[in-house]
Amino acid sequence: MEESDVTTLPADQRAALLEAVSRLLATESSEASVRRTMATPAGYDRALWKQLADMGVAGLVVDEAHGGAGAGAVELEAVMELAGAALLCAPLLASSVLAAELLRASGDEAAQARLLPGIASGATIATAALTGDAGTWTRDGVSVTAAGEALSGVASYVLHAQNADVLLVLARERDDVAIYEVDPRARGVAIAALPTFDHTLRLARIAFDGAPGRRIAGDGWRAAEAALDLALVALAGEQAGGSRRCLELTVEYAKNRFQFGRAIGSFQAVKHMAADLLLEAESAVSAARSAAEQLAAGSAEARAAVPLAAFACADAFTQVAATSIQMHGGIAFTWENPAHLYLRRARSGAQLFGSPSAHRERYLAALGA
């Protein structure tokens with residue numbers, strides 16, 4: 001992996017982190033482990049989560065003053081490539097990216113001091129409730145309202161809400177949108193798990209009925225935009241890593257699966273399909289890394305690079321995963337093959353923070369089209 005000009009960690013620390021995470025996921029996030037973990041109520045392995053936290057992954061983008069590694073988007077994207085390749089089941093996006101960045105971008109120093117050390121250590125699982133049932137992930141999509149410090153309404157598609165120790169909830173208050181800290185066990189909070197196409201994913205719908213909240217200072221929607229941008233870069237990295245791993249598994253299969261006395265990978269049609277997948281996977285990696293670098297640099301180009309990575313990586317992963325199934329001989333929805341898991345992760349991730357169409361519109365708007 002080439003060194004970026006906007007990396008935050010020294011090169012040796014960054015290389016050591018990626019090597020350690022790669023080794024850990026190779027042993028603890030195997031296909032068998034993923035299948036076992038996704039069948040549990042929590043949907044993640046607490047022992048693996050602790051090991052990742054001990055390596056600094058849970059607090060990767062949290063400032064050092066609050067117990068984190070003080071890294072940025074480039075390091076996060078690189079770790080997410082590894083996580084995507086391993087189909088990691090963990091509250092990484094929910095707690096370490098969305099919630100942590102929401103707090104950082106709020107500028108509320110007291111809230112940061114209160115919550116970020118626990119998030120960075122992995123001891124606290126936080127999540128962010130940003131959108132309602134329509135799932136638009138826009139300011140208009142915020143459907144919780146605040147009256148004083150009592151919250152009412154519905155937040156949906158909330159990652160790992162079932163496992164959360166802290167909820168960070170966007171709520172309307174007159175013409176503004178603010179962030180509220182809510183105890184998930186408080187009166188007036190009802191969390192219901194949502195069915196997911198990707199069984200490695202945990203989503204929930206939360207109903208608030210006069211639930212007590214603690215207001216966090218700052219511009220709530222501006223902080224949410226910053227958190228969503230970082231989450232889109234992280235998700236793009238996950239999709240790029242998933243695309244590459246899917247390609248590797250498929251090429252390996254094509255080299256070892258024989259038909260009519262020869263490996264199927266030797267047939268011209270299969271070669272062409274593999275070449276197309278290589279192009280998709282490498283394009284996804286380039287888009288994800290470029291978006292991470294632009295975001296880390298605070299460049300104006302990030303306004304276009306982030307949505308570009310969002311739709312390009314979502315499309316690429318879906319295409320690679322679906323074609324991989326075809327190249328496996330039309331296994332379709334045969335549950336026993338890992339290609340099936342990657343396709344589910346690809347299709348779910350493509351809608352997680354907005355559809356590819358919505359990201360295309362944002363990209364065109366950023367270009368002034």
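Q: What makes the confidence of this predicted model describable by pLDDT, and what is the chain average?
A: pLDDT is the predictor's confidence in each residue, from 0 to 100. The chain averages 94, and 98% of the residues score at least 70. Because the model is predicted, local features need pLDDT of at least 70 and side-chain atom pairs count only at pLDDT 80 or more, while totals for chains, interfaces and linings use all residues. Residues are numbered from 1 along each chain as its sequence is written, and side-chain values use heavy atoms, with hydrogens and water left out.

Q: Which elements of the chain have the lowest and the highest mean pLDDT?
A: Strand E9 (residues 258-259) has the lowest, 85, and strand E1 (residues 126-129) the highest, 98. Helices (H or I, at least four residues) and strands (E, at least two) are DSSP runs, numbered from the N terminus.

Q: How do you know what span to expect of helix H6?
A: The expected span is 1.5 Å times one less than the number of residues. H6 (residues 109-121) has 13 residues, for which 18 Å is expected, and its first and last C-alpha are 18 Å apart.

Q: What is the bend in H6, and where is it?
A: A bend at a residue is the angle between axes fitted to the seven residues ending there and the seven starting there. At Leu-115 this angle is about 40 degrees, and Pro-117 follows within four residues.

Q: What makes the link between Asp-108 and Ala-110 at the start of H6 a polar contact?
A: A polar contact is a pair of N or O atoms within 3.5 Å; within protein, one must be able to donate a hydrogen and the other to accept it, and residues adjacent in sequence count only if both atoms are side-chain atoms. A side-chain oxygen of Asp-108 comes to within 3.1 Å of the backbone nitrogen of Ala-110.

Q: Why is Cys-89 not bonded to Cys-246?
A: A disulfide is a pair of cysteine sulfur atoms within 2.5 Å. The sulfur of Cys-246 is the closest cysteine sulfur to that of Cys-89, but it lies 16 Å away, so it is too far for a bond. By this rule the count is zero disulfides.

Q: Why is His-328 called buried?
A: Buried means under 20% relative accessible area, exposed over 50%, partly exposed in between (1.4 Å probe, protein chains only). His-328 has 7% relative accessibility, so it counts as buried. His-328 sits in the loop between helix H9 (302-327) and helix H10 (338-349), and its side chain reaches the backbone oxygen of Ser-324 at 2.8 Å.
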